[in-house]
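Hi,

Here is the structure I promised to pass on to you. Have a look at it first, and my notes follow below.

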Amino acid sequence: MQQKNLHPAAREPNWINYWGWGSGDMLGAGAQAVITGWLFYFFTTFCGLSAVEAGLILGLPRLLEAITCPLIGYVSDNLRHTWVGRKIGRRKIFLLITIPLLPSFALIFRTGHTFYYYLFAFIFFELLYTMFLIPWETLAAEMTKDYKAKAKFAGARMIVAQSSAILASYLPTLLISQFGGKDSPDTFFWMAAIFGVIFSVVVLIVVLTSWERPYGPREQAVLSQTYGGVSLKAALSLPVKMFRDLFSTLKIRAFRQHLSIYLGGYLSQDIFNTAFPIFVATVLMGATLVISQLMTVMYVAQLISVMVAIQIVIRTGPVLAYRIAIGLFGAALLLYLGFYLARPEGFEAGFQALGANLFGALDPTRTEFSSALVFWLFAPIVLAGLGRGTLNFVPWSVYNYLPDIDEAVTGQRREGIFAGVMTLVRKVAQSAAIIASGWIIDLGGYVSPKTRPGELIVQTPEAIQTITALMVGGPLLMMLLGLVASWSFRLNAGTHAVLVHEVERLRNGATEAQNEANRQVVEDLTGWSYDRLWGRGNGSAASSEASPVQQHART
């Protein structure tokens, strides 16, 4: 029977679509800003948990996502073969499910519960987070093929992300001043409750302002054969096909390089985020209010950094921006190491004189004004923010182009698979980094205030030394690994334009590149010889037992 058009026609995105889709990172990055910035500190300061226990709660759920991330990505790619996928949308069905459940975020930030309560509450939210994140991340890659438009989507996303991080860092300051003026676990509960409501609202905005990639002619033809649904045999074979397709993504050269760049930038921040609040509390002897204000400065700098990075990526490509970011973040870490080693004279007295307002240090009319105090308070954290903002932006700006490279190899569009693999690798690596960080902090002798939640405990010199070494050395090592991978990464506006041009030629039946220069570009990005592209021969990167649409795409 004749298939009617069930999806919106292909169209050009406008500013409403850029910002509507980008608003989703209020959940994507906002939740992570709260979790990575505050949850370890909350558990060890107010819940009586050890550093090891806090690390396990933050780390173990991410190991479970080794299954959920790729599964959601794979299922969302293939839901278009079902009635639900055709009527509601293979991506949007996941988004709609999460809307009423996201306010449960606040349940994590309740004191007086056991280790297992916090573990399962966090697992539940992480499942909701993954159900949103994987399908949402695919939509920007589906709504346009234009290099600049993809960069604008990534830019809008990151500006929202950094704005949400500013809110996550400064909201405790506002709540403390509003409800008591001192450290309290209620500060974090109300912060999480506010964010939970915001999360539901922004997911609704994403649903209303984005669209999924329309069916191509070949997919329309296959739909007429699969309109009745997927057979039981095909359903039972899904796990094997899923993991085969997942591993096939690693055969794409640019994707392998991208993963190294991605992990180098993000794992460096995971380690820093875990250790930084404790470093402030032990080395600077500051409480929640101080941590909140320093993190706010950092996230404002990240927002500025993203705005600059957008232009760098559009004009020159992601590699230069990535290297500049590593230099800035690395300089910040070395400054913190210098502060720990030198312990500048007069800093502690000047710091304590500021009271609850660190920004008072910037007032030159104060009798206690000290340029050294201003430098050590703000120079490292501003440099860290300038570097971190770009480190956040670059990998997700690159992701939008990866399905184009994969299409040249397989002849398929697999946005969900790539989002699933990226998040899978990220979560597993993040889990290992956080668990290891918690273990190292605990091994160094850090004492959690179990009997006096919310109070500062003077730590031993060995504990402080361990925290400082972790906060400085861990990120530097991770960024070094990413820097090495960046030297051979060739994706930029020019090479992407060549790739898209050659993909169109392959789609029209070409078997040879238009010229030698084009062939070299495509082979460098894909890691495959041109005569094996578009799923030709036995060397296809994708599964030989693909879904019905995928099988038809190769015929």
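Let me start with a question: which helix supplies the largest share of the lining of the largest cavity? That is H2, with six residues. Please keep in mind that this is a predicted model.

**The cavities**

The count comes to seven cavities of 30 Å³ or more, and the largest has a volume of about 430 Å³. Its lining is made up of 28 residues, and those nearest the centre are Gly 28, Ala 29, Gln 32, Tyr 266 and Arg 426. Sorted by character, the lining residues are eleven nonpolar, ten polar and seven charged. Besides H2 (25-46), the helices that each supply at least two lining residues include H6 (115-143), H7 (147-178), H12 (253-283) and H18 (415-443).

**The nonpolar core**

The largest nonpolar core has 173 residues. Leu 27, Phe 43, Phe 105 and Phe 125 have the most contacts inside it. If you want a place to begin looking, try Phe 125: leaving aside residues up to four places away in sequence, it touches Leu 27, Ala 31, Ile 35, Leu 102, Phe 105, Ile 108 and Phe 199.

**Helix H7 and its partners**

There are 33 aromatic pairs in the model. One of them joins Tyr 18 and Phe 153 in an edge-to-face arrangement, with 4.8 Å from centre to centre and 75° between the planes. This pair links distant parts of the chain, since Tyr 18 sits in helix H1 (residues 15-22) and Phe 153 in helix H7, 135 residues apart. Both Tyr 18 and Phe 153 are buried.

Arg 157 is also found in helix H7. Is Arg 157 buried or exposed? Its relative accessibility is 5%, so Arg 157 counts as buried, the cut-off being under 20%. Not counting residues up to four places away in sequence, Arg 157 touches Trp 21, Gly 22, Asp 25, Trp 136, Glu 137 and Trp 396.

**Two backbone angles to check**

Arg 343 has a phi near 45°, a positive value in a residue other than glycine. It lies in the loop between helix H14 (318-342) and helix H15 (347-353), and Arg 343 is partly exposed, with a relative accessible area of 43%.

Trp 534 also has a positive phi, near 60°, and is likewise a residue other than glycine. Trp 534 is in the loop between helix H21 (516-526) and helix H22 (548-553). At 11% relative accessibility, Trp 534 counts as buried.

Happy browsing, and all the best!

Methods. Residues numbered from 1 in each chain as written. Predicted model: local features only at pLDDT ≥ 70, side-chain atom pairs only at ≥ 80, totals over all residues. Heavy atoms only, no water. Core = buried A, V, L, I, M, F, W, Y, C linked by side-chain atoms within 4.5 Å. Buried < 20%, exposed > 50% of the residue type's maximum accessible area, 1.4 Å probe, protein only. Contact = heavy atoms within 4.5 Å. 1 Å grid on protein atoms, 1.4 Å probe; cavity = no way out; pocket = protein on both sides within 12 Å on 5 of 7 lines; lining within 4 Å. Points joined across faces, edges and corners; volume = space filled by probe spheres on them. Helix = DSSP H or I, 4+ residues; strand = E, 2+ residues; numbered from the N terminus. Nonpolar A, V, L, I, M, F, W, Y, C, P; charged D, E, K, R; others polar. Phe/Tyr/Trp six-rings, centres within 6.5 Å; stacked < 30°, edge-to-face > 60°.
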